[in-house]
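Open the model in your viewer, show it as a cartoon, and keep the selection panel at hand. The tour below goes from one selection to the next and says what is found at each stop.

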Amino acid sequence: MKRVAIAVAVLLLAGCSSPSEKVAGQVVSCESISSSTTENSLVLDCLDGGAGASIDSIKGPAIINVWGSWCGPCKEEMPILRSFYEKAQGKVLLIGVDVEEASIEDGREFVENNGITWPNLFDADGKSRAYFGMGVPVTWFIAPDGSVAYKHIGVLKNEIELISLTSKHLGVKL
């Protein structure tokens, strides 16, 4: 009986806790992504519907995070990326790439509901697979010369990990 009373008390207390604060995101322009386009460039549209960028010619220091709205682990790492972005603006370009969506609206809704405020490209037809490979989340660290300095496969565990990887592979201290 005592266990039941404790279980009920825990449930009542949990029910009274405030829900986690929702952080509003915004689908933003991709104007800040500078890239050059050649005949064989892999150009993706911007999630906002405007001009996109050639992902294979982005110069760093930049971090490209590949995600999908349907991906639970992608959602888990968004608070880490949000906090990192606040510190990294002006030092490292953060770019999202939305892949494997049923519709562009799914990606836009994900951005708005997960507090994303950095530019996001949209791969409507899966053509980025040739560049990024399969699976999400994956985070690419792009050097100033445009080369891939490092590729992190899977969920970022915490902001310290992201800051350390940025320092180690891009030489940027935050």
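Begin with helix α5 in this predicted model, whose buried residues pack against β3, α2, β6 and β7. Select residues 159–170, which make up α5, and then pick out Glu159, Glu161, Leu162, Leu165, Thr166 and Leu170, the buried residues of this helix. Looking down the axis of α5, you will find these buried residues within an arc of 155°, so they line one face of the helix. Turn to the other side of α5, where Ile160 and Lys168 are exposed.

Next, inspect both ends of the helix. At its start, a side-chain oxygen of Asn158 comes to within 3.2 Å of the backbone nitrogen of Ile160, while after α5 comes Gly171, with a positive phi near 70°.

Now select the strands, which form an open sheet of 7 with mixed pairing, in the order β2-β1-β5-β4-β3-β6-β7. Strands β2 (53–54) and β7 (148–153) stand at the edges with a single partner strand each, so one side of each has no neighbour in the sheet. Within the sheet, colour β3 (residues 62–67) and β6 (residues 138–142), which pair in the antiparallel sense over 5 bridges, with Ile64 opposite Trp140. Add α2 (residues 72–88), which lies across β3, β4 and β6 and runs at about 160° to β3.

Finish at Thr139 in strand β6, which counts as buried because its relative accessibility is 0%. Its side chain makes a polar contact with the side chain of Asn65 at 2.9 Å, and the residues that Thr139 touches include Glu77, Tyr150 and Leu156.

Conventions:
Residues are numbered from 1 along each chain as its sequence is written. This is a predicted model: local features need pLDDT of at least 70, side-chain atom pairs count only at pLDDT 80 or more; totals for chains, interfaces and linings use all residues. Side-chain values use heavy atoms; hydrogens and water are left out. Two strands pair if DSSP finds at least two bridges between them. Helices (H or I, at least four residues) and strands (E, at least two) are DSSP runs, numbered from the N terminus. Contact means heavy atoms within 4.5 Å. Axes are lines fitted to C-alpha atoms, for helices over the stretch in contact, and angles run from 0 to 180 degrees between N-to-C directions. Buried means under 20% relative accessible area, exposed over 50%, partly exposed in between (1.4 Å probe, protein chains only). A polar contact is a pair of N or O atoms within 3.5 Å; within protein, one must be able to donate a hydrogen and the other to accept it, and residues adjacent in sequence count only if both atoms are side-chain atoms. The expected span of a helix is 1.5 Å times one less than its number of residues. The arc is that of the directions from the helix axis to the C-beta atoms. Lists of a residue's contacts leave out its neighbours within four places in sequence.
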